[in-house]
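Trainee: I am new to this structure and would like a close look at a single part of it. Could you take me through one strand and its surroundings, step by step?

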Amino acid sequence: MSETPAATPAAQTGQQPTARRGAAYDSVFLRAARNEPVPHTPVWFMRQAGRSLPEYNKVREGVPMLESCMRPELVKEITLQPVRRHKVDAAIFFSDIVVPLRAVGIDVDIKPGVGPVIADPVRTAADLQRLRPLEPDDVPYITEAVGLLVEELGATPLIGFAGAPFTLASYLVEGGPSKSYENTKAMMYGAPELWAELVDRLAVISAAFLQVQIEAGASAVQLFDSWAGALAPDEYRRSVLPASTKVFDAVAGYGVPRIHFGVNTGELLGLMGQAGADIVGVDWRVPLNVAADRVGPGKGLQGNLDPAVLYAPTRVVETKAREVLHAAQALGGSHHIFNLGHGVMPTMDPDALTRLVAFVHEASAR
Ligand code: CP3
């Protein structure tokens, strides 16, 4: 059994003390997340909804990305598409990490083929005032979409998510995607107090975004710190860990499994677990048996097939998937959720993903 997260008393937080025993409670995904026996390893894919699916491209035609996130019926349809097609063991809510920033008034857009772009980057103490806390009333469309989905999904769990403070800060400070994060790091190293306030405000926003999704019925959450791998462990510990911990603490009382993922975070896996995750997501660079040692006992792992393997012939995909399942046996129980080491890519063959789900179910049957 995994350790029960150190829950803040419900009286202090107003949260429900334990996970609601909804229709998905005994799903394979949630049982594995709790390290309970499962008939097979559960599998889902980061970015399973999206441009790899023709049915996605069809319903998104003419609708800008961020606008699509504000239409509950469309969000429901897009979230369900990969569940129907691939028979994955969990749905991930269709939204984006910058949606809560837009909801508090930040001028952010998602440019196709580029990513999030911020009109006025956040670089000074005065700029921080723009990052007010998120209220549930700022995102009624999230509450509505999650409600519609949970109803429709029944026994299939819905994973809610948010961006972690560092990854959000990197977009806000740089003004868009970056390779070297020079402005972000300049603030982190050169103005540590300003930085600490920035990531603290982002923690408040991300925590509220997760709470809205859990309150509406999401039965697990994932905190994406996609770009945290740019940092050395000591810097992560000093400048990022407190804020990410704040996010996880804020949702501990709900008792839903909390997953924490970033790319290139081999050196940070232990710290990312310490932030409060029940399950640590691993990219393809570190085998799961090695990751298990780094993360330590009591925590599960998620991952970690190299997404590019999906471009190779089926027998190679199967060999590599089997290696992932084999390495996960080091966990000694059911505490593994199969995933890619990062997201599905737009040019991937969706049939290869469908075959992979069936293969993982079969090869891990017990
Ligand atoms: O299936 C899912 O995973 C559902 C939803 C989802 C999206 N973004 C939808 C999306 C999730 C969980 C995210 C998280 C997200 N957004 C992250 C963390 C995950 C990761 O991949 O590391 C990050 C870093 C972002 C920021 C962002 N938004 C990027 C880098 C991009 C891609 C830009 C591009 O065009 O290549 C986006 C846009 C985005 N978010 C798309 C989707 C499906 C593609 C845009 C589109 O379909 O129009």
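Mentor: Strand β8 is mostly covered, for six of its six residues are buried. Please keep in mind throughout that this is a predicted model. The strand spans residues 300–305, and it belongs to an open sheet of seven strands whose order is β1-β4-β5-β6-β7-β8-β9, with parallel pairing. At the edges of this sheet stand β1 (91–92) and β9 (336–340), each with a single partner strand, so one side of each is left without a neighbour in the sheet. As general background, the strands of a sheet pair through backbone hydrogen bonds, in either a parallel or an antiparallel way.

Which strands, then, pair with β8? On one hand there is β9, which runs parallel to β8 and is joined to it by five bridges; if you want a place to look, find L305, which stands opposite L340 in β9. On the other hand there is β7, which pairs with β8 in the parallel sense over three bridges, and here G281 stands opposite Q302 in β8.

Two helices belong to this picture as well. Helix α15, made of residues 288–295, lies across β7 (279–281), β8 and β9, and it runs at about 150 degrees to β8. Helix α16, residues 314–328, also packs on the sheet, where it touches β8 and β9, and its direction makes about 150 degrees with that of β9.

A good residue for seeing how these pieces meet is H336, whose place is in strand β9. Its relative accessible area is 5%, and because buried means under 20%, H336 counts as buried. A polar atom of the H336 side chain lies 2.9 Å from the backbone oxygen of G303. Setting aside residues up to four places away in sequence, H336 touches A32, T41, P42, L288, L301, G303, V324, L325, A328 and L331.

If you now follow the sheet from β7 in the direction away from β8, you come to β6, as the strand order shows. β6 and β7 pair in the parallel sense over two bridges, and I259 stands opposite I279 in β7. In β6, which covers residues 258–261, R258 and H260 point one way while I259 and F261 point the other way, and all are buried. Beyond it comes β5 (residues 220–224), which runs parallel to β6 and is joined to it by four bridges; there, the bridge partner of V221 is R258 in β6.

Some places apart from these strands deserve a careful look too, and helix α9 is one of them. In this helix, residues 165–174, 10 of the 10 residues are buried, so it is largely enclosed by the rest of the structure. Among the buried residues of α9 are P165, F166, Y171 and E174, and the helix is followed by G175, whose phi is positive, near 90 degrees.

Q48 is another such place, in the loop between α2 (28–33) and α3 (54–60), and at 1% relative accessibility it counts as buried. Polar atoms of the Q48 side chain make two backbone contacts to find: one lies 3.0 Å from the backbone nitrogen of F45, and one lies 3.0 Å from the backbone oxygen of A90. Leaving aside its neighbours within four places in sequence, Q48 is in contact with residues including L53, P82, A91, I92 and V344. H86, in helix α5 (residues 72–86), is also buried, at 2% relative accessibility. With residues up to four places away in sequence not counted, H86 touches L53, P350, L353, T354 and V357.

Finally, there is the ligand, which has 25 residues around it, and of these Y56, D96, G113, S226 and H342 come nearest. An oxygen atom of the ligand lies 2.6 Å from a polar side-chain atom of Y56, while a backbone N or O atom of G113 is 2.7 Å from an oxygen atom of the ligand. For S226, an N or O atom in the side chain is 2.4 Å from an oxygen atom of the ligand. On its own the ligand has 870 Å² of accessible area, and the protein covers 92% of it.

Conventions. Residues numbered from 1 in each chain as written. Predicted model: local features only at pLDDT ≥ 70, side-chain atom pairs only at ≥ 80, totals over all residues. Heavy atoms only, no water. Pairing = 2+ DSSP bridges. Contact = heavy atoms within 4.5 Å. Axes fitted to C-alpha atoms, helices over the stretch in contact; angles between N-to-C directions. Near = heavy atom within 4 Å. Polar contact = N/O pair within 3.5 Å; in protein donor to acceptor, adjacent residues only side chain to side chain. Areas by Shrake-Rupley, 256 points an atom, 1.4 Å probe, with all protein chains shown as cover. Buried < 20%, exposed > 50% of the residue type's maximum accessible area, 1.4 Å probe, protein only.
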